[in-house]
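The exercises below are meant to be worked through with the sequence and the coordinates open side by side. Each task is followed by a solution that proceeds step by step.

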Amino acid sequence: MVYEGLMVSVSGVRGRVGEALTPEVVATFAAGFGAWARGRHASHAIVVGRDSRVSGPMFHRVVLAALQSVGCDVIDIGMAPTPTVQLAVEHHHAAGGLAITASHNPVEWNALKFIAPTGLFLDGAESASMRASVEAGFARATWDQLGAVRTDTEACNRHLDQILALPFLDVPGIRGRQFSVALDCCHGAGATIVPRLLERLGCRVTAIGLETDGRFPRSPEPVAENLRDLEALVARTGADVGLAVDPDVDRLALVDEGGRAIGEDWTLALATRVVLRHRKGPVVTNLSTSRILDDVAERGGSRVIRAPVGEVNVAVRMRAERSPIGGEGNGGVILPELHLGRDAPVGVALVLQLLREDARPLSAIVGEYPRYAIVKDKLDRPAGSLEAVYDALKGAFPGATVDTQDGLRLSWPDRWVHVRPSGTEPIVRVIAEGPSAADARDLVRRSRAPLDALARA
Ligand code: MG
């Protein structure tokens, strides 16, 4: 089967609503996933949740029916963060989960994300097996074998309770500080959980974007340039910190008390700083995450292990390495003692714990560390083999440390460059970080040269 314009990746299928992503496509993948998942597990139950997108209710109804049609019992948690769906899969010992969300993508997108019984996203092998089973076709249930649908309205409450029960989280201490917090949920699913979390942590909250209608008033990715309204809100209210989450609440970005968005790389770095005071073990992140994490880990008596890009790759490596904290530089914090998924609410709790322990403004904590600049570039993927490009780059940078897990990453003590073909688009990404933007731009320019030469060949 070929679906024009549909982006199929390891963890899900994504498309523009009414173009590549139709009810028919969503039904095929939801039913195929359900048939595949229940065939591998004792349970016939699949947990379903969605973010706030305008197309969410329509695809939600499609997914419920599709799962019933292959004999899966549906546990419907309604609108919820993606990490809440992951936790509910574990809680119910379900055969899997489906999150209906296009994460930080604009409103015209939606997607299905496939969750394994462990609560992790499908890995490469599981995803290939599932897609092969969808291609091969699957049996539908007869009238007497159709699945049932039941509603679970407690998933967000359980998620909150689990965060507040984390042993090193000093809930009375945080409550005692009565932090002033500015919050921007961008009309996403964050409003179902983050305000209540802040309330239970005794914060005084001023919020924007709590309407869960999916009509995003700005680009919903929580990168610094999209957080101007939150910066202004922090400045106006004199908040201790500003918090921005993406529509499915697995990414968190911060604004400091001076009203400056500090960049999403800092979320995991600050969470790591606080967790390493209480837990030992290596920090795991992906190959494109800022090396500020290396500085924070080193000062915390730990080290960083890098995995290929993709949440599940980081999660699987964390499990293997018994890592206490990890995630992605895009604001995705993973705390395995809660679960192995990026979780913005747990990131919020960790940031407040840090402010409680350090008793200094956020900008002063950030100011202790070196500054780096990241420059991201992309180009059309050349027709030839990228191996020749990698060889040329290794030759051009003989002193670098080489990592070939995912494209090519070259690193030095204060800078790195990562050349990597996208998994979903016909492009190559070139990302570099250095002490200054000029250093990073220079690394990108020198690393693009063999790619541009290949494109001209
Ligand atoms: Mg997301």
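**Exercise 1. In which loop is Val-249 found, and is this residue buried or exposed?**

Solution. Begin with the position along the chain of this predicted model: Val-249 is found in the loop between strand 10 and strand 11. Next, consider the backbone, where the phi of Val-249 is near 65 degrees, a positive value in a residue other than glycine. For comparison, most residues other than glycine have a negative phi. Finally, turn to accessibility: because the relative accessible area of Val-249 is 0%, and buried means under 20%, Val-249 is classed as buried.

**Exercise 2. Which residues coordinate the magnesium ion, and how are the donor residues spaced in sequence?**

Solution. First, list the donors: the magnesium ion is coordinated by the OG atom of Ser-103 and by OD atoms of Asp-246, Asp-248 and Asp-250, at 2.0 to 2.1 Å. Second, write their spacing along the chain, which is S-x142-D-x1-D-x1-D. Third, place the pair that links distant parts of the chain: Ser-103 lies in the loop between strand 5 (96-100) and strand 6 (109-115), whereas Asp-246 lies in the loop between strand 10 (241-245) and strand 11 (252-255), 143 residues apart. Fourth, check accessibility: Ser-103 counts as buried because its relative accessibility is 6%, and Asp-246 counts as buried because its value is 0%. As a last step, look at the backbone of Ser-103, which has a positive phi of about 55 degrees although it is not a glycine.

**Exercise 3. Which helix gives the most to the largest nonpolar core, and which residues does Leu-270 touch?**

Solution. Start with the members: the largest nonpolar core has 57 residues, of which Leu-198, Leu-243, Leu-254, Leu-270, Ile-325, Leu-350 and Leu-352 touch the most other members. Helix 12 (residues 344-358) gives the most to this core, with nine residues. Then follow Leu-270, which, not counting residues up to four places away in sequence, touches Leu-254, Ile-262, Leu-354, Leu-362, Ile-365 and Val-366. Another core, of 32 residues, lies apart from the largest one and includes Phe-33, Ala-37, Leu-64 and Cys-72.

**Exercise 4. How do the residues lining the second largest pocket divide into nonpolar, polar and charged?**

Solution. The space in the second largest pocket comes to about 150 Å³. Its lining includes Ala-35, Arg-38, His-44, Val-70, Asp-73, Arg-140 and Gln-145. Sorted by character, the lining residues comprise five nonpolar, four polar and three charged.

Note on methods: Residues numbered from 1 in each chain as written. Predicted model: local features only at pLDDT ≥ 70, side-chain atom pairs only at ≥ 80, totals over all residues. Heavy atoms only, no water. Donors = N, O, S within 2.8 Å, 3.2 Å for Na, K, Ca; no water. Helix = DSSP H or I, 4+ residues; strand = E, 2+ residues; numbered from the N terminus. Buried < 20%, exposed > 50% of the residue type's maximum accessible area, 1.4 Å probe, protein only. 1 Å grid on protein atoms, 1.4 Å probe; cavity = no way out; pocket = protein on both sides within 12 Å on 5 of 7 lines; lining within 4 Å. Points joined across faces, edges and corners; volume = space filled by probe spheres on them. Nonpolar A, V, L, I, M, F, W, Y, C, P; charged D, E, K, R; others polar. Core = buried A, V, L, I, M, F, W, Y, C linked by side-chain atoms within 4.5 Å. Contact = heavy atoms within 4.5 Å.
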